[in-house]
Structure formats: C-alpha cells, structure tokens
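Biologist: I've got a chain up on the screen and some questions about it. Can you walk me through the model?

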Amino acid sequence: MQQSAAKVDQIYLERKQDVVRLEAAAGGGNGGSWSPSWARGVAIVQVDINWFRCPVCSRILLPPVFQCKRGHLACGRCRAGKCPTCKKDGGGSGSFDSRNTVAEDIISVSKFKCPHSGCHEFFPYPKLHAHSGECRHAPCFCPETGCTFAAPPTILLAHLVDDHSRHVHSVTYGKIHGFSVPLSEPRRLLLAEEDNRVFAVVLGALGAVTAVSMVCVRAPGGGASQPRYIAELRARRPPGVAVAMGSTVTTAMEMVTSSDRPGEVGVEKLPWVLAVPSTCLLAGDDGVPKEVALKICIKKISGDLVL
C-alpha cells in the first residue's frame with residue numbers, strides 16, 4: 001500500500017493538477033470554484049491539490065494531521081520534523097505539536113481525481129491507491145528498444161502498429177486462434193474484441209528449446225475487481241513429422257501475468273511457459289528454423305466465473 005501511495009503521489013507531483021473535490025456545506029471560499037451541480041444538500045468545490053500537500057515530504061496529507069504554531073500543516077509521518085514553511089518565511093522552525101481535526105474533517109470529505117490521463121473518476125484518497133492499480137488508463141511502456149513512448153494499452157497498441165509496424169491479431173475469449181510467429185519477432189500482439197484488452201505473446205530461448213508465454217499489457221497488481229485471464233498455448237508440428245510424436249505440444253490453462261513494461265519481460269521471468277521442441281519449428285528454404293505455429297486460447301475470469 002505504501003509503495004502504491006508513493007507512486008500516485010509522484011504522478012501528482014509531476015503533473016501539478018487541480019484534482020481535488022470537496023463536498024462541503026453551501027458557502028464560499030478563497031481558492032475554490034463552485035460547481036452549479038448540487039447533490040444531497042451539499043455543494044462541490046474543486047481546489048488546488050497543493051492545499052493538501054505536506055511541506056515536509058510533499059505527499060498528500062493523511063490523518064492524523066498536525067500543525068505548527070503558525071498554522072502550517074504536516075502529515076502524521078512528518079510531525080517529528082521542524083516546519084520548513086516557517087523557516088522559509090523567516091519565522092523560525094517550530095514543531096508540529098498540535099492536532100488539526102478541522103483539516104482532517106476536510107480531507108475525509110475530499111475526493112481526488114485519478115492522476116492517469118483520460119480517467120475522470122474521483123475517489124477518497126485511501127481508495128485511490130487501489131483504483132490506480134486497476135485503472136484502464138494507467139500508462140504502459142513501448143517494448144521497442146530505445147522508444148520512450150508510454151500510454152494506456154489501446155493507445156500503445158496503435159503506436160506499435162503505426163510507428164513500429166507490429167502485427168496484431170484479433171482474438172475472442174474462449175476460442176482457439178492459430179497463427180505463426182517468426183523467431184526473429186520476440187513479441188506478437190493480440191487484441192481481445194470483447195474488452196479491447198491487449199496481450200503480448202513472448203518468445204525466447206530457454207536452454208536448447210524455444211519457450212513461449214504471454215503477458216497482459218496493463219498495470220500489474222490490481223484488486224479483486226480487475227478481470228483475470230487464463231490461457232492455453234499449443235505448438236503445431238510441421239507436416240511430415242512422425243505422427244507417433246503427436247501433432248502438437250500443449251500447456252495446461254495457466255494464469256496470465258500482467259505487466260506495464262512488456263518489453264522487459266522475458267520468458268525466463270514468467271511463471272509458466274510452453275517449451276517448444278525443435279521438431280515444432282518451421283524451417284525456411286535454407287533449413288534454418290524461422291517460425292513457430294501456435295494455437296492460443298484465452299479465457300476471461302470475472303470473480304469466479306470463466307467467460
């Protein structure tokens with residue numbers, strides 16, 4: 001939780017947005033802009049995020065909130081320090097020795113906008129951490145070497161197609177899809193038609209065999225409400241291979257790992273792989289293995305229900 005909170009705070013620091021809504025009794029105040037919308041007898045006001053920032057650690061204030069003798073606030077984790085605002089203003093550097101319950105009450109009715117571009121939802125701050133791990137707008141990073149592009153998965157997919165000429169296969173949950181993947185292309189992209197979820201098929205060498213696995217391109221972690229995915233991979237042997245060996249090699253259905261940096265995920269880092277023997281590799285005209293013929297089935301799990 002602390003790591004997630006720090007990540008959200010860092011995004012706020014970088015963007016410096018006005019992203020706080022207070023639900024308070026009707027009235028006015030300096031620094032806020034009142035909305036004409038009314039609900040449950042309260043007004044909604046949007047204020048600068050810096051009103052809620054601790055001057056010591058620069059993170060969002062969380063109760064218990066303390067203040068120095070001049071009224072400057074600090075979060076409970078920083079109360080042992082001296083007030084940097086007082087020192088900056090030439091008024092000494094007093095301690096945060098008084099509890100400010102009014103500030104705590106204001107924070108308790110405040111809702112913070114999700115910091116991810118494109119998401120317009122507001123949450124109480126403790127719930128914001130969980131949402132940030134599930135948000136469909138959380139940025140993912142381009143897997144191409146040297147490219148620093150980052151965007152939500154569907155925008156990243158368009159970037160990979162338009163700027164890097166990557167191939168994309170459309171898939172339907174619960175159906176088996178077949179295609180060939182060149183060994184020279186360690187990532188092959190899949191787009192699920194039902195929910196626009198992006199997956200990457202990952203190829204690599206594990207010892208003397210070629211290994212294949214899969215990642216879901218999204219922010220890792222997430223909560224129980226975030227859908228999970230299981231997948232089965234099969235590699236088809238080329239025509240003419242002895243029937244006694246079987247026509248395919250298959251994995252069992254396994255849970256798909258999530259990653260927002262698919263370019264950094266190698267098969268050796270994934271919890272399950274399909275080990276493809278050399279007899280399943282399709283050779284080119286020069287006899288050198290060129291590609292592997294795959295069949296893939298992805299299923300979506302919502303709660304305990306497999307879709």
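**Backbone oddities and cores**

Modeller: Let's start with a serine: in this predicted model, Ser165 is exposed, with a relative accessible area of 58%.

Biologist: Where is Ser165 found?

Modeller: Ser165 also has a phi near 55 degrees, a positive value in a residue other than glycine. Most residues other than glycine have a negative phi. As for its place, Ser165 sits in the loop between α5 (153–164) and β11 (168–171).

Biologist: And Ser58: is it buried, partly exposed or exposed?

Modeller: Ser58 has a positive phi too, near 70 degrees. This serine is in the loop between β3 and β4. Its relative accessible area is 28%, and the buried label needs a value under 20% while exposed needs one over 50%, so Ser58 counts as partly exposed.

Biologist: Which peptide bond is cis, with omega near 5 degrees?

Modeller: Most peptide bonds are trans. To find this one, look in the loop between β3 (42–47) and β4 (65–67), where Pro64 is placed. The cis bond runs from Pro63 to Pro64.

Biologist: Zooming out, how many helices and strands does the protein chain have?

Modeller: The chain has 307 residues, and 40% of them are buried. Among contacts with a separation of 6 or more, 51% join residues 24 or more positions apart. The secondary structure comes to five helices and 23 strands.

Biologist: What share of the exposed area comes from carbon and sulfur atoms?

Modeller: The protein chain exposes about 15900 Å². Of that area, carbon and sulfur atoms supply 52%.

Biologist: Now the inside. Which residues touch the most other members of the largest nonpolar core?

Modeller: That core holds 27 residues. Strands supplying at least two of its residues each include β12 (176–182), β14 (198–206) and β22 (289–302). The residues touching the most other members are Leu190, Phe199, Val201, Met214, Leu294, Ile296 and Ile298.

Biologist: Take Ile296. Leaving aside neighbours within four places in sequence, which residues is it in contact with?

Modeller: Some of its partners, Leu190, Val201 and Met214, are also on the list of residues that touch the most other core members. Polar names turn up as well, including Lys175 and Glu232. The full set for Ile296 is Lys175, Ile176, His177, Phe179, Leu190, Val201, Met214, Glu232 and Leu233.

Biologist: How many residues are in the second, separate core?

Modeller: Its members include Phe52, Cys68, Ala74 and Phe123. This second core has 24 residues.

Technical notes
Residues are numbered from 1 along each chain as its sequence is written. This is a predicted model: local features need pLDDT of at least 70, side-chain atom pairs count only at pLDDT 80 or more; totals for chains, interfaces and linings use all residues. Side-chain values use heavy atoms; hydrogens and water are left out. Helices (H or I, at least four residues) and strands (E, at least two) are DSSP runs, numbered from the N terminus. Buried means under 20% relative accessible area, exposed over 50%, partly exposed in between (1.4 Å probe, protein chains only). Contact means heavy atoms within 4.5 Å. Accessible areas come from the Shrake-Rupley method with a 1.4 Å probe; for residues, only the protein chains shown count as cover. A nonpolar core is a set of buried Ala, Val, Leu, Ile, Met, Phe, Trp, Tyr and Cys residues joined through side-chain atoms within 4.5 Å.
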